[in-house]
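Got your viewer open? Let's take a walk through this structure, one selection at a time.

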Amino acid sequence: MSNSVNPNFNFIKILNEEKTYKLLFPEREIGLAIVLIYEKIIDRVFEDEKFTEKDLHDAFETIYKTNVRYPKEVYSSHIMDLQEYFLDYNPELQKYFFKDYAYKFCKHAKETLIGGFKPTRIQEICTHLSKTLESRDTIEELKFWLKEVFKKYEPDLREQIDFLDRQITESIESLKKGTDFTNQNFLEILIATDDSMNNAQNHVKELRSAYSETKTIRGLLERKPNRDSEINVLISEVY
């Protein structure tokens with residue numbers, strides 16, 4: 001497709017200019033902070049879709065997930081950069097709001113990922129466990145999660161992991177057998193090998209997504225402040 005809007009527009013040249021690409025496609029943590037704000041806008045957390053500088057700072061702190069508190073200047077620098085394409089500011093209200101590009105940036109990414117999102121049983125279990133753990137703040141609530149919620153899903157979780165492990169092993173064995181040239185031609189071997197590889201890769205993706213969620217669960221448990229000796233034992237069993 002030609003540049004029908006403006007034939008003199010050099011997309012690569014302009015995109016390659018200092019900081020332009022970085023401002024359009026920010027670093028991972030900065031982009032995730034924007035997505036976090038976007039999700040809160042969708043959930044109507046902010047009145048009139050406007051939010052404060054503190055809301056932005058909180059989003060950065062949530063994404064960076066570090067005990068080392070970044071100086072205010074670091075987050076302020078991010079916010080200044082984001083005002084090029086993502087953020088606008090109302091000085092009277094002292095609040096920020098999204099520019100059109102920010103909405104398009106988040107919406108396109110979300111719709112693309114939702115289109116390919118097909119959660120498996122193991123991923124659904126792990127996601128449910130992490131979500132239900134987030135709101136357990138008191139000792140009693142945490143103990144209930146450890147004794148009842150997690151224990152309820154633990155057998156199913158083990159079963160799913162064992163199943164995927166067997167499937168991966170079978171795919172690998174099938175891959176080994178598929179390379180026997182004795183009774184097959186090269187094209188048949190190639191097709192069989194490709195199928196086995198795809199099966200193994202799909203099962204590995206399922207396990208990887210589940211284990212990623214278990215890391216979230218572990219992090220949530222490590223940060224729980226209200227703990228006694230019984231809870232520590234129960235957490236060790238979960239690990």
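Which residues of helix 3 meet helix 6, and which ones in helix 6 do they meet? Select I34, V35, Y38, E39 and I41 on the helix 3 side, then Y103, C106, K107 and K110 on the helix 6 side, and you have the contact. Keep in mind as you look around that this is a predicted model.

**Stop 1: helix 3 against helix 6**

Show helix 3 (28-42) and helix 6 (100-115) as cartoons. Their axes come within 10 Å and cross at roughly 85°. That makes helix 3 roughly perpendicular to helix 6. Colour the contact by class and you'll get six nonpolar residues, three charged ones and no polar ones.

**Stop 2: helix 3 against helix 4**

Stay on helix 3 and bring in helix 4 (53-64). Here the packing angle is about 125°, and the axes lie 9 Å apart. The two helices are therefore oblique to each other, since the angle falls outside the 65 to 115 degrees that count as roughly perpendicular and is not over 145. Helix 3 passes helix 4 in a right-handed crossing.

For the side chains, select E29, I30, L32, A33, L36 and I37 in helix 3. Then add D55, L56, A59, F60, T62, I63 and Y64 from helix 4. By class, this contact has 10 nonpolar residues, one polar and two charged.

**Stop 3: helix 4 against helix 5**

Now hide helix 3 and show helix 5, residues 72-82. The axes of helix 4 and helix 5 come within 10 Å and cross at roughly 110°. That makes helix 4 roughly perpendicular to helix 5.

Where do they touch? On helix 4, pick E53, L56, H57, F60, E61 and Y64; on helix 5, pick K72, Y75, S76, H78, I79 and L82. This contact divides into six nonpolar, three polar and three charged residues.

**Stop 4: the largest pocket**

Time for some empty space. The largest pocket holds about 1300 Å³. To find it, centre your view on L32, V35, E39, K131 and E213, the closest to its centre among the 28 residues that line it. Helix 3, helix 4 and helix 6 each give two or more residues to this lining, and so do helix 7 (121-134) and helix 9 (186-223).

What is the lining made of, by class? Colour it and you'll count 13 nonpolar, seven polar and eight charged residues.

**Stop 5: the second largest pocket**

Last selection: F150, L157, T214, V238 and Y239. Of the 19 residues lining the second largest pocket, these are the closest to its centre. The volume of this pocket is about 410 Å³.

Switch on helix 7, helix 8 (139-177), helix 9 and helix 10 (229-238), which each supply at least two residues of the lining. Which helix gives the most? That's helix 9, with seven residues. By class, the lining of the second largest pocket has 13 nonpolar residues, one polar and five charged.

Notes
Residues are numbered from 1 along each chain as its sequence is written. This is a predicted model: local features need pLDDT of at least 70, side-chain atom pairs count only at pLDDT 80 or more; totals for chains, interfaces and linings use all residues. Side-chain values use heavy atoms; hydrogens and water are left out. On a 1 Å grid over the protein atoms alone, a cavity is a set of points where a 1.4 Å probe fits but cannot get out, and a pocket is an open set with protein on both sides within 12 Å along at least five of seven lines; lining residues have an atom within 4 Å of a point. Grid points are joined across faces, edges and corners, and a volume is the space filled by probe spheres set on the points. Helices (H or I, at least four residues) and strands (E, at least two) are DSSP runs, numbered from the N terminus. Ala, Val, Leu, Ile, Met, Phe, Trp, Tyr, Cys and Pro count as nonpolar, Asp, Glu, Lys and Arg as charged, and the others, Gly among them, as polar. Axes are lines fitted to C-alpha atoms, for helices over the stretch in contact, and angles run from 0 to 180 degrees between N-to-C directions. Angles under 35 degrees count as roughly parallel, over 145 as roughly antiparallel, 65 to 115 as roughly perpendicular and the rest as oblique. A crossing is left-handed if the near helix is turned anticlockwise from the far one by less than a right angle, and right-handed if clockwise. Contact means heavy atoms within 4.5 Å.
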